[in-house]
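I opened the model to look up how one helix is placed, what the nonpolar core is made of, and how two other helices meet. My entries follow in that order.

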Amino acid sequence: MTNETDLTTAIATEIAKQLPVKEALEPPARQTGEILQDIVKAIQLALAPVQLLGALQDRLRHFLDNSVRRVPENNRLTPPPQVLGPIIEAIRYEPQGTEIDAMFSELLSASMDQARVHDAHPAFVAIIRSLSPDEAKILKALAAGPIEHIYSQRLNHERSLFEPGPIEKIDLPDGLAYPDNGHTMVSRLVQLGMASEQPTRAGEAIMDRGKQTGLRNFNEFVLTPWGRQFMRAAAPPAIP
């Protein structure tokens with residue numbers, strides 16, 4: 001246990017040396033030693049359930065170092081424990097170099113950057129952890145612009161209502177592992193509050209021999225304000 005405690009302290013010390021020149025969110029009386037203690041506590045809490053094997057030691061050092069170096073020196077702040085701790089916990093289960101790993105790293109950078117810390121909401125850690133790599137790619141596509149969605153509905157004359165019909169078009173990004181699940185994944189992003197669907201023009205009646213049999217809808221998926229904040233924190237320079 002002593003060796004593990006010494007290791008987490010050493011890692012925290014390495015990172016703390018690169019950090020707080022400024023402490024915009026801390027009272028002036030806060031000293032570097034106290035700030036270091038907070039970082040150490042956050043790392044120790046996140047790593048408490050596991051033994052720090054060699055691979056995890058290297059992974060943690062590399063991840064933290066990259067996240068810090070992305071922040072301009074004059075902007076560096078101590079990361080909030082409620083962001084740092086859960087991110088360290090999460091990357092234990094995420095392979096290095098994935099879309100999700102990159103989002104965790106960007107979010108940590110945002111939480112240490114005086115210019116971006118206002119976007120680094122603690123809830124974003126859980127959102128990233130819940131995303132699939134395909135969903136992360138769809139979010140990046142939404143940050144670049146709307147995703148067009150055209151679908152039809154069948155008119156049930158007996159019940160006087162429209163029923164679900166086929167999806168005619170949905171502009172998903174290239175490179176998805178499971179493109180057939182694309183609509184389901186976009187719908188889940190809507191449920192998470194990251195995206196919303198809105199019409200682009202009035203629906204178009206589908207006619208057969210002079211009788212309406214359905215309705216063609218022209219919509220698009222876009223990022224919500226919450227989704228835009230998420231992307232500013234977790235995937236810059238995605239959007240302003």
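I counted a residue as buried when its relative accessible area was under 20%. The model is predicted.

Entry one, helix α5. I found α5 at residues 99–111, with 13 residues. From its first C-alpha to its last it reaches 19 Å, close to the 18 Å expected at 1.5 Å a residue. I then asked why α5 is described as largely enclosed by the rest of the structure. Eleven of its 13 residues are buried, so the description follows. I noted the buried residues as I100, D101, M103, F104, S105, E106, L107, L108, S109, A110 and S111.

Entry two, the core. The largest nonpolar core has 43 residues. I looked up which of them touch the most other members and got I87, M103, F104, L107, L139 and F230. Elements giving two or more residues to this core are α3 (54–69), α4 (81–91), α5, α6 (123–130), α7 (133–144), α8 (182–191), β4 (211–223) and α9 (225–234). I followed I87 further: leaving out residues up to four places away in sequence, I87 touches F63, F104, L107, L108 and V125.

Entry three, α7 against α8. I found that their axes come within 10 Å and cross at roughly 70°. Angles of 65 to 115 degrees count as roughly perpendicular, and α7 and α8 are therefore roughly perpendicular to each other. On the α7 side I listed D134, E135, I138, L139 and L142 as making the contact; on the α8 side, G182, M185, V186, R188 and L189. Sorted by class, this contact has six nonpolar, one polar and three charged residues.

Methods. Residues numbered from 1 in each chain as written. Predicted model: local features only at pLDDT ≥ 70, side-chain atom pairs only at ≥ 80, totals over all residues. Heavy atoms only, no water. Helix = DSSP H or I, 4+ residues; strand = E, 2+ residues; numbered from the N terminus. Expected span 1.5 Å × (residues − 1). Buried < 20%, exposed > 50% of the residue type's maximum accessible area, 1.4 Å probe, protein only. Core = buried A, V, L, I, M, F, W, Y, C linked by side-chain atoms within 4.5 Å. Contact = heavy atoms within 4.5 Å. Axes fitted to C-alpha atoms, helices over the stretch in contact; angles between N-to-C directions. Parallel < 35°, antiparallel > 145°, perpendicular 65-115°, else oblique. Nonpolar A, V, L, I, M, F, W, Y, C, P; charged D, E, K, R; others polar.
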